[in-house]
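Hello,

Here is the structure we talked about. Please look it over, then read my notes underneath.

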Amino acid sequence: MSDPPLLDEHSDATALPAWQRLSTHARDLVRTRLYDLVSEDSKRFANFTLSGAGIEIDYSKQHVTRATMDLLIELATESGLPDAIDALFTGAPLNYTENRSAHHTRLRSDDRHDSEVNTVLERVRSLASDIRSGAKRGYGGSPITDVVHIGIGGSVCGPQLVFDVLRGTPSQPGCHFVANHDEHDLGEALRRLSPDTTLFIIVSKSFTTPETMLNAERARSWFLERGGDPQTLGGHFMAVTGNARRACDFGIDEQNVFPIWEWVGGRFSLWSAAGILTLAIALGWSKVNELLHGARAMDDHFRSQEMSANLPLLLALLGVWNANFLGATSHAVIPYAHRLRKLPEYLQQLEMESNGKSVSIDGSPTRVHTAPVVWGGTGTVSQHSFHQLLMQGTRRTGIDFIVPLANGDENTRAMLANCIAQSEALLRGRPTDECESELPPELSPSERTRLAKHQTIEGNRGSNLIMLENLSARSLGALIALYEHKVFCQGIIWRVNSFDQWGVQLAKRLGHQLEQELNPAHPLLGPTHDPATAALVRHVRGDTS
């Protein structure tokens, strides 16, 4: 295995001169209230807003100055980000623990000479067209009315997000996503479906993923028990996998097996057949093509723009600033659009599985906190739940508000007004004397002071406002690529591998053993557990010995 790319004497981020200068700068800057920084600069919005690929980011309400941004750009330079961006797009083995490229950007490139990728895109386009037109039908001769997409993790989160944003009402064919080991997940999807009009798409790179294969086996049983047979099964089941042999052994026709390459990581697999096959069938190829165009536009922006005008890098640096220098322990994503309700969940996996690491690229412990906890929900619903914590809680939180600007109708204006109001309230707060002045005059002075303190909002809390031109396939593709590249930049700065996920493996192995041991008919496998877990296993089994 080759040495990790970009491994140098600065594997410890805190050793970088810019990091040390930022630490000193942060201690000085926090003495100045954010509201004062904003109110004293009439051109702050213009000076702290960037746009590209149909997306505009207003970071004027972040606790930064121009000096802060200059230092953050220095940090990016000293971290080797220019070379790292080049390495990403040229397919260097950035996933150095598995000696793999992270070349998902290739999937949305417009390289007409990339026959490997283009052949698969054409197969997807042609198949989707045949299903949607009725040229390809179920075994009884009826059109396909429903697609059941079976996977887990990145193979479900991405396509489900896109489908939720772009689907019509109702979509045709209908689309159902199944990921949970719990049989009720698949049961809910199949409740009103018929085997002769249902198409199953199984997504697993190895075709051995336990949760996915359990649901695939259940789906096959359902199909065979309700009128299908082994001869027709192969045409109603498709696979996206790196293990075509196992898919064919499962009963899937070879022409219905689509590849997912080694250089495509799960949480970046939306752009491969793992995502676009289902989406092309459910939404049509034109929307998928626009999605790819939007992501490509963000790729081009990311690769070509200088660092001071680079949207993904900006978002990454602001996240590092908030998490590592201002003490934010979590990051809230709050889209003001119901159709983006799956975005916080999608970003949880993208960000925390990518950068939730404690080992630096040289194998030593990281000296800095890496990925914050990502959470969120949609406005305006979230205003009546967790925004209370954002306004008056004790913990600092990074915040991305996201809102589409198109239409200009009454609903859009109401959503936008609420979104802007939340960011302004976080910035300015509400001082105690203002609260006290609005209380009933008949209250005693001590009661007025007591109640006013409960109503006081400190303010001084920053946020980003990410504005989309509209909520189209192109804008969505750009938004997803924006966050992908943000995560990559942060991994380079924190000096971690953003493309492996060894932390999920241990519990998987233990779970396989425990699934056997929790069956009372199965013998215990020996003293392999800690005493607390062993006692719990015996308790659940009902062992009294």
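The notes below cover the cores, one helix and one cavity.

This is a predicted model: local features need pLDDT of at least 70, side-chain atom pairs count only at pLDDT 80 or more, and totals for chains, interfaces and linings use all residues. Residues are numbered from 1 along each chain as its sequence is written, and side-chain values use heavy atoms, with hydrogens and water left out.

Cores first. The largest nonpolar core (buried Ala, Val, Leu, Ile, Met, Phe, Trp, Tyr and Cys joined through side-chain atoms within 4.5 Å; buried is under 20% relative accessible area, 1.4 Å probe, protein chains only) has 120 residues. Ile55 and Leu479 touch the most other members. Helix α20 (residues 473-494; helices are DSSP runs of H or I, at least four residues, numbered from the N terminus) gives the most, with 14 residues. Leu479 touches Ile55, Leu340, Leu343, Ile402, Ile466 and Leu468 (heavy atoms within 4.5 Å), leaving aside residues up to four places away in sequence. A second, separate core holds 22 residues, among them Trp222 and Phe237.

Next, helix α7 (residues 154-166). Of its 13 residues, 13 are buried. The end C-alpha atoms are 18 Å apart, which agrees with the 18 Å expected at 1.5 Å a residue (1.5 Å times one less than the number of residues).

Last, the lining of the second largest cavity. Its residues divide into four nonpolar, six polar and two charged (Pro counts as nonpolar here, Gly as polar). Lining residues, those with an atom within 4 Å of a cavity grid point, include His331, Glu351, Lys486 and Trp494.

Best wishes

Notes:
Buried means under 20% relative accessible area, exposed over 50%, partly exposed in between (1.4 Å probe, protein chains only). Helices (H or I, at least four residues) and strands (E, at least two) are DSSP runs, numbered from the N terminus. On a 1 Å grid over the protein atoms alone, a cavity is a set of points where a 1.4 Å probe fits but cannot get out, and a pocket is an open set with protein on both sides within 12 Å along at least five of seven lines; lining residues have an atom within 4 Å of a point.
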